[in-house]
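Here are my notes on this entry, as numbered points. Please read them with the coordinates open.

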Amino acid sequence: MHSNGQELIYESESEAATRAFGRRLGQWAEPDTVVALIGPLGAGKTQLVKGLAAGLEVRDVRKVSSPTFVIIREHPGRLRLYHADAYRVTAADLSEIGFEEMCFAGGIVVVEWADRAEDILPDDCLRITIDPTGPEQRRLICRPTGDRSRRLLDRCAVEETPSETRP
Ligand SMILES: Nc1ncnc2c1ncn2[C@@H]1O[C@H](COP(=O)(O)OP(=O)(O)O)[C@@H](O)[C@H]1O
Ligand SMILES: [Mg+2]
């Protein structure tokens, strides 16, 4: 993992490593965090969300899968997880079912195929581009676009989890 101040790059060597990175995001996420996932089919976007769900203490992480046909799935946890997928819908469709309001509803919003929903993403979101660099290798390029997402990324860059550092 290395950071140049603007971006943090995490080289994942396995599905488990991608999930572990997602878990840290979920453990540290504050209300109204929005994570925008960008990457081709099979990049590992949904695996990252599964890890994030585990970090948010979502009870049944097995239920977290690509919400391609339902557009947005909600999972109760420490904070509510709103899992959206823009693969088969337009930004206008997402907007119509209340996407922008969800970004400020006190939960965590994660969007797969976020490059197809640029117009409706909030100013402050954590953009993660997943670049397949080998059969099991993925480069996660993480770029915060505001204070909240920067704080989250800073916290994830340290190895400790909240439970290890919080009394
Ligand atoms: N380092 C890795 N990180 C994430 N997934 C990986 C990795 N290496 C292999 N994979 C595999 O790639 C696939 C990713 O699937 P998925 O998360 O559904 O992708 P997406 O949601 O981006 O289409 C899974 O079959 C997973 O096992
Ligand atoms: Mg997916």
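1. Start with the ligand site. The model is predicted. Ligand 1 is surrounded by 16 residues. Glu-15, Thr-18, Gly-42, Lys-45 and Thr-46 are the closest of them. By class, the shell splits into seven polar, five charged and four nonpolar residues.

2. Next, the polar pairs at the ligand. A polar backbone atom of Gly-42 lies 2.8 Å from an oxygen atom of ligand 1. For a polar backbone atom of Gln-47, the distance to a ligand oxygen is 3.0 Å. Arg-138 takes part through its side chain: an N or O atom there is 3.2 Å from an oxygen atom of ligand 1. On its own, ligand 1 would expose 570 Å², and the protein buries 78% of that.

3. Which elements give two or more residues to the shell around ligand 1? They are H1 and helix H2, residues 45-55. H2 gives the most, with three residues.

4. H2 deserves a look in its own right. Of its eleven residues, nine are buried, so the helix is mostly covered. The buried set is Lys-45, Thr-46, Leu-48, Val-49, Lys-50, Gly-51, Leu-52, Ala-53 and Gly-55. Two lysines, Lys-45 and Lys-50, are in that set. The cover over these residues includes H1 and the strands S3, S5 (81-85), S6 (108-112), S7 and S8.

5. Is Gln-47 of H2 buried or partly exposed? Gln-47 is partly exposed, because its relative accessible area is 21% and the cut-off for buried is under 20%. This residue sits in helix H2. Leaving aside neighbours within four places in sequence, Gln-47 is in contact with Glu-15 and Arg-19. The side chains of Gln-47 and Arg-19 are joined by a polar contact of 2.9 Å. Asp-154 is 107 residues away from Gln-47 along the chain, and their C-alpha atoms are 22 Å apart.

6. Thr-18 is one of the residues closest to ligand 1. It belongs to helix H1, residues 15-28. Thr-18 counts as buried because its relative accessibility is 4%. Beyond neighbours within four places in sequence, Thr-18 is in contact with Ser-12, Gly-44 and Leu-48. Leu-48 is itself among the buried residues of H2. With Ser-12 there is a side-chain to side-chain polar contact of 2.7 Å. Gly-39 is 21 residues from Thr-18 in sequence, with 13 Å between the C-alpha atoms.

7. Turn to helix H5, residues 147-157. Its residues Ser-149, Leu-152, Leu-153 and Cys-156 are buried. Viewed down the axis of H5, the buried residues fall within an arc of 95°, so they line one face of the helix. The face turned away from that side carries Asp-147 and Asp-154, both exposed.

8. What do the buried residues of H5 pack against? The partners are H1 and four strands: S2 (8-12), S3 (33-38), S7 (126-132) and S8 (138-144). H1, S3, S7 and S8 also appear in the cover over the buried residues of H2.

9. Please check the backbone at three places. Asp-32 is not a glycine, yet its phi is positive, about 70°. Asp-32 is in the loop between H1 and S3. With a relative accessibility of 15%, Asp-32 counts as buried, because the cut-off is under 20%.

10. Trp-113 is the second place. Its phi is positive at about 60°, and Trp-113 is not a glycine either. This residue lies in the loop between S6 and S7. Trp-113 is buried, since its relative accessible area is 10%.

11. The third place is Glu-57. Glu-57 comes just after H2 and takes a positive phi of about 60°.

Definitions and conventions
Residues numbered from 1 in each chain as written. Chains lettered and ligands numbered in written order. Predicted model: local features only at pLDDT ≥ 70, side-chain atom pairs only at ≥ 80, totals over all residues. Heavy atoms only, no water. Buried < 20%, exposed > 50% of the residue type's maximum accessible area, 1.4 Å probe, protein only. Contact = heavy atoms within 4.5 Å. Arc of directions from axis to C-beta. Polar contact = N/O pair within 3.5 Å; in protein donor to acceptor, adjacent residues only side chain to side chain. Near = heavy atom within 4 Å. Areas by Shrake-Rupley, 256 points an atom, 1.4 Å probe, with all protein chains shown as cover. Nonpolar A, V, L, I, M, F, W, Y, C, P; charged D, E, K, R; others polar.
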